[in-house]
Amino acid sequence: MASKIIIVILAIALVFTCAKLYVANNTNMTNNTETKSDSTTIESDPVYECILSRASVRAYQTKDVDDESIEKLLRAGMAAPSAIDKRPWHFIVVKDKEMLKQIAKKTPNARMAANAPLAIVVCGDMSKAAEGNNKDFWIQDVSAATENILLAAHSMGLGAVWTGTWPSAERVATVSQMFDCPEHIIPFATIVIGYPEGQTPAKDKWDEMNVSYEIYGE
């Protein structure tokens, strides 16, 4: 009788041990799968891929950009970080074909606008800018907004190019006159946008020589 009890106890212990080993093995497999999954996610991160694959696009199809897409671009621009949360930006949306041709004619660095369906003139609004020593942070704010629009355009299947206006006094004066801008509105850049005509490969701009760790030169 005693031997039977011992056999039963040993059998129960064996089953328990096997169960623990099974659970431990499955846990390790799950962790390994999650690690691989995380690695794959990083490698195929759509945001990261959007950043690396974006390129300046200067040739466009005749297809118009619809109003819903334009609003999405503007929302992306306004989602940019802003010093002291001042948001000193203003966006002039240009869809009129004749005005786009005028942009191309009067600001040659934006000559591709002549054949584009859309341009967004990004401006700094000095009535909203910070005061004193913080005033010039508007430049960083509208730069961030401009980059957001470029990335949003790329993610939406659009092509875009950043054409600079500020700090060229001549370009600022020309664009201000074109759009009847008051003195407190400073044209910063014109983003020309449309559906790409053909492919524009992105440039690999990585250069480890541009990186230091902890102190310059290290």
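Ala, Val, Leu, Ile, Met, Phe, Trp, Tyr, Cys and Pro are counted here as nonpolar, Asp, Glu, Lys and Arg as charged, and the others, Gly among them, as polar. With these classes in hand, the second largest pocket of this predicted model shows a lining of seven nonpolar, seven polar and one charged residues. Its volume comes to about 200 Å³. Fifteen is the size of the lining set, written as 15 residues, and V57, H154, L158, P196 and T200 are the ones closest to the centre of this pocket. Two elements, α5 and β3 (159-164), each give two or more residues to the lining of the second largest pocket. Helix α5 provides the largest share of that lining, with three residues.

The largest pocket holds about 330 Å³ of space. Its lining is made of 13 residues, and L52, R54, A55, K203 and K205 lie nearest the centre. What is the make-up of this lining by class? For the largest pocket, the lining has five nonpolar, two polar and six charged residues. At least two lining residues of the largest pocket are supplied by each of α2 (46-53) and α5 (137-155). Helix α5 thus appears in the lining of the largest pocket and also in that of the second largest pocket.

Turning to the overall fold, the protein chain contains six helices and four strands. Along the sequence, these elements follow the pattern α-α-α-β-α-β-α-β-α-β. The protein chain has 218 residues, and 33% of them count as buried. Among contacts between residues at least 6 apart in sequence, 77% join residues at least 24 apart.

Helix α3 offers a clear view of how one element is placed in this fold. It spans residues 67-78, twelve residues in total, and reaches 16 Å from its first C-alpha to its last, close to the 16 Å expected at 1.5 Å a residue. Which residues of α3 are buried? They are S69, I70, L73, L74, A76 and G77. These buried residues lie on the same side of α3, because they cover an arc of only 155° around the axis. An α-helix has 3.6 residues a turn, so residues three or four places apart point the same way. On the other side of α3, the residues D67, E68 and R75 are exposed. The cover over the buried residues of α3 includes β1 (89-94), β2 (118-125), α5 and β4 (185-194).

Helix α4 can be read in a similar manner. In this helix, residues 97-106, the buried residues include L100, I103 and A104. Their directions span an arc of only 95° around the axis, so they sit on the same side of α4. Among the elements that cover the buried residues of α4 are β1, β2, α6 and β4. Strands β1, β2 and β4 therefore recur, being part of the cover of α3 and of α4.Residue V142, in helix α5, gives a closer look at the interior. Is V142 buried or exposed? V142 counts as buried, because its relative accessibility is 0%, where the cut-off for burial is under 20%. Setting aside neighbours within four places in sequence, V142 is in contact with P88, W89, V122, C123, G124 and F188. V142 and G77 are 65 residues apart in sequence, while their C-alpha atoms are 8.4 Å apart in space. G77 is itself one of the buried residues of α3, and α5 is among the elements that cover those residues.

A few backbone details deserve a mention. Most residues other than glycine have a negative phi, and most peptide bonds are trans. The peptide bond from W166 to P167 is cis, with omega near 15°. P167 belongs to the loop between β3 and α6 (169-178). D180, which is not a glycine, has a positive phi of about 55°. This residue, D180, is found in the loop between α6 and β4, and D180 is exposed, with a relative accessible area of 68%. E214 also has a positive phi, near 75°, in a residue other than glycine. E214 is placed in the segment after β4 and is exposed, its relative accessible area being 81%.

How values were computed. Residues numbered from 1 in each chain as written. Predicted model: local features only at pLDDT ≥ 70, side-chain atom pairs only at ≥ 80, totals over all residues. Heavy atoms only, no water. 1 Å grid on protein atoms, 1.4 Å probe; cavity = no way out; pocket = protein on both sides within 12 Å on 5 of 7 lines; lining within 4 Å. Points joined across faces, edges and corners; volume = space filled by probe spheres on them. Expected span 1.5 Å × (residues − 1). Buried < 20%, exposed > 50% of the residue type's maximum accessible area, 1.4 Å probe, protein only. Arc of directions from axis to C-beta. Contact = heavy atoms within 4.5 Å.
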